[in-house]
Amino acid sequence: MKALIFESFGGPEVLQYIDIPDPVISENEILVRMKAIGLNFADIYRRKGNYHLAGQPPYILGYEGSGIVEKVGVGITTIKVGDRIAFADVPFANAELVSVPLEKTIPLPDEISFETASAVLLQGLTAHYLTRDSYEVKEGKSILVHAAAGGVGQILIQIVKLLGGQVIGLTSSMVKSKAAYSAGADHVFLYNDNWIEEVKKVTNGFGVDVVYDSVGSTLQESFDVIKVGGTVVFYGMAGGDPAPVDPRMLMDTSKTLTGGDLWNVLTSLEERKARSKQLFDWILEGNINIQEPTIFPLKDGSDAHNLLESRKSTGKILLQP
C-alpha cells in the first residue's frame with residue numbers, strides 16, 4: 001500500500017509518499033480502506049518531534065479518518081466487509097489501509113459522508129466534551145472562544161449557541177472573524193486589537209463565565225477576562241506553552257483552571273458511539289454546519305502541512321488516498 005511517512009523530524013519536506021507493507025490485523029481488529037483522513041496540529045507536533053513517538057522510523061502520521069471495511073478479524077461479528085466506519089484516535093491513518101481496533105470503531109450513518117466524518121469527528125467530539133464535561137454550558141452563560149475560526153472553534157460556537165450560551169470569538173484576521181460570525185458568534189474581536197478591554201466592555205465590566213483556551217500562551221489574558229468565580233478551560237498550546245499559574249490568584253479570585261483531553265472521556269466503544277451519534281444527529285438536524293474542508297491528495301501531504309502550519313486556513317484540511 002501507499003503511505004505518507006517520515007524518517008526524521010523536521011518540516012513538511014521530510015514527508016515521503018512511498019510503498020510499505022499492508023497492515024496485518026489481529027482477531028479483534030478490522031482493516032479499513034481509507035476514503036478521507038483528517039489533518040490536525042498534533043500531526044505537525046509529531047512530525048517536528050514535539051510529541052513522543054513509539055517505535056522506530058519510518059513513522060506514519062494521522063489519527064483520524066473514515067473508510068470502508070475491507071477485512072474483519074475472526075473474533076468480530078458486529079462489523080462486516082463493506083461497512084462504513086470512522087475513527088478519531090487510531091494511529092497510522094496516513095495510508096491507504098489502516099488497522100482499527102474494534103473498540104475504536106465509530107459506525108458511519110449513510111447520510112454522513114466520509115469527508116464530513118473526517119472533518120468533524122476529532123474536533124466535534126472535542127467541542128462536545130468541552131461543553132459537557134470540562135465546563136457544562138447552560139442557557140445564559142457567556143463564553144469566550146479562542147481561535148474561533150478553527151475547526152474546534154467553529155463547532156464550539158455552534159454547540160454553545162445550541163445550548164443557549166452567548167459567544168465571544170477571538171481570531172487573527174478579518175477573514176477569520178467572518179467565519180466565526182458565520183458560525184454564530186455574537187461578537188468577534190481580533191488578537192491584535194485591545195481584545196481584553198473589548199471583552200470587558202461587552203460584558204459590562206464583569207467578564208465571561210468561561211474561556212476555552214487552545215492557544216496556551218494567552219492563558220494569563222484568559223484569566224483577566226473571566227469574572228470572579230469564572231473558569232478557564234485549557235486544552236491546547238497552538239501558540240506555545242502557557243506561563244505558570246499562581247494558585248494564590250485562583251484562591252483570591254475564586255477562579256478555576258481546568259484542563260481537557262478527549263481521550264479521558266472516550267473510554268469505551270459505547271462512549272464513542274453515544275457521543276458521535278449525538279454529533280451526527282446535530283449535523284443531520286442542521287444544528288451544526290461543517291465548513292467545506294480543504295482536500296489534498298495524500299501524496300501531496302507536505303502541501304497540506306504547509307497550509308495548516310501557516311495558520312491561513314479556516315476549517316478542516318483533509319487528505320485522500
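What follows is a working chat about a predicted model.

Colleague: Start with the open sheet of 6 strands. What is the strand order?
Modeller: The order is 11-10-9-12-13-14, and the pairing is parallel.

Colleague: Which strands are at the edges?
Modeller: Strand 11, residues 187–190, and strand 14, residues 256–259. Each of these two pairs on one side only.

Colleague: How much are neighbouring strands turned against each other?
Modeller: On average by 20 degrees, ignoring direction.

Colleague: Which helices pack on this sheet?
Modeller: Helix 3, residues 151–162, is one of them, and it touches strand 9 (142–145), strand 10 (166–171) and strand 12. The direction of helix 3 makes about 170 degrees with that of strand 10. Helix 5, residues 195–202, also packs on the sheet, touching strand 9, strand 10, strand 11 and strand 12. For helix 5 the angle is about 160 degrees, taken against the direction of strand 11.

Colleague: How many bridges join strand 12 to strand 13?
Modeller: There are 5 bridges, between residues 208–213 of strand 12 and residues 226–234 of strand 13, and the two strands run parallel.

Colleague: And what does Tyr-212 stand opposite?
Modeller: Val-233, in strand 13. Tyr-212 also turns up in the largest nonpolar core, among the residues with the most contacts inside it.

Colleague: How many residues does that largest core have, and which others have the most contacts?
Modeller: The core has 45 residues. Besides Tyr-212, the residues with the most contacts are Leu-121, Leu-125, Leu-130, Leu-156 and Phe-280.

Colleague: Which elements supply at least two residues of it?
Modeller: Helix 2 (114–134), strand 9, helix 3, helix 4 (174–183), strand 12 and helix 8 (269–284). Helix 2 gives the most, with 10 residues.

Colleague: What is Phe-280 in contact with, leaving aside its neighbours within four places in sequence?
Modeller: Phe-280 is in contact with Ile-106, Pro-107, Leu-108, Pro-109, Ile-112, Val-120 and Leu-121.

Colleague: What about a second core, how many residues?
Modeller: A separate core has 29 residues, including Leu-53, Ala-93, Leu-102 and Ala-304. As background, nonpolar side chains tend to be buried together in soluble globular proteins.

Colleague: Changing topic. How many aromatic pairs does a search of the whole structure find?
Modeller: The search finds 5. One pair is Phe-6 with Phe-9: their ring centres are 6.0 Å apart and their planes are at 50 degrees, so this pair is tilted.

Colleague: Are those two buried or exposed?
Modeller: Phe-6 is buried, at a relative accessible area of 0%. Phe-9 is partly exposed, at 44%.

Colleague: Why is Phe-9 with Tyr-59 called stacked?
Modeller: Because the ring planes of Phe-9 and Tyr-59 are at 10 degrees, with the centres 6.0 Å apart. Stacked here means planes under 30 degrees apart. Tyr-59 counts as buried, with 14% relative accessibility.

Colleague: Where do the two partners sit in the chain?
Modeller: Phe-9 is in the loop between strand 1 (2–6) and strand 2 (16–19), while Tyr-59 is in strand 4, residues 59–60. They are 50 residues apart, so to speak a link between distant parts of the chain. Phe-6, Phe-9 and Tyr-59 form one aromatic cluster.

Colleague: Which sheet has strand 4 in it?
Modeller: An open sheet of 3 strands, in the order 2-1-4, with antiparallel pairing. Strand 2 and strand 4 are its edges, each pairing on one side only. Strand 1 is joined to strand 4 by 2 bridges, and Ile-5 stands opposite Ile-60 in strand 4.

Colleague: Where is there a cis peptide bond?
Modeller: Between Pro-57 and Pro-58, with omega about 10 degrees. Pro-58 lies in the loop between helix 1 (41–48) and strand 4.

Colleague: Which residues other than glycine have a positive phi?
Modeller: Phe-92 is one of them, with phi near 70 degrees, and Phe-92 lies in the loop between strand 6 (84–87) and strand 7 (97–101). Asn-204 is another, with phi near 55 degrees. Asn-204 sits in the loop between helix 5 and strand 12, and counts as exposed at 67% relative accessibility.

Colleague: Last one. What does Arg-84 lie over?
Modeller: The face of Phe-114, at 4.4 Å from the ring centre.

Methods: Residues numbered from 1 in each chain as written. Predicted model: local features only at pLDDT ≥ 70, side-chain atom pairs only at ≥ 80, totals over all residues. Heavy atoms only, no water. Pairing = 2+ DSSP bridges. Helix = DSSP H or I, 4+ residues; strand = E, 2+ residues; numbered from the N terminus. Axes fitted to C-alpha atoms, helices over the stretch in contact; angles between N-to-C directions. Contact = heavy atoms within 4.5 Å. Phe/Tyr/Trp six-rings, centres within 6.5 Å; stacked < 30°, edge-to-face > 60°. Buried < 20%, exposed > 50% of the residue type's maximum accessible area, 1.4 Å probe, protein only. Lys NZ or Arg CZ within 6 Å of the ring centre and 35° of its normal. Core = buried A, V, L, I, M, F, W, Y, C linked by side-chain atoms within 4.5 Å.
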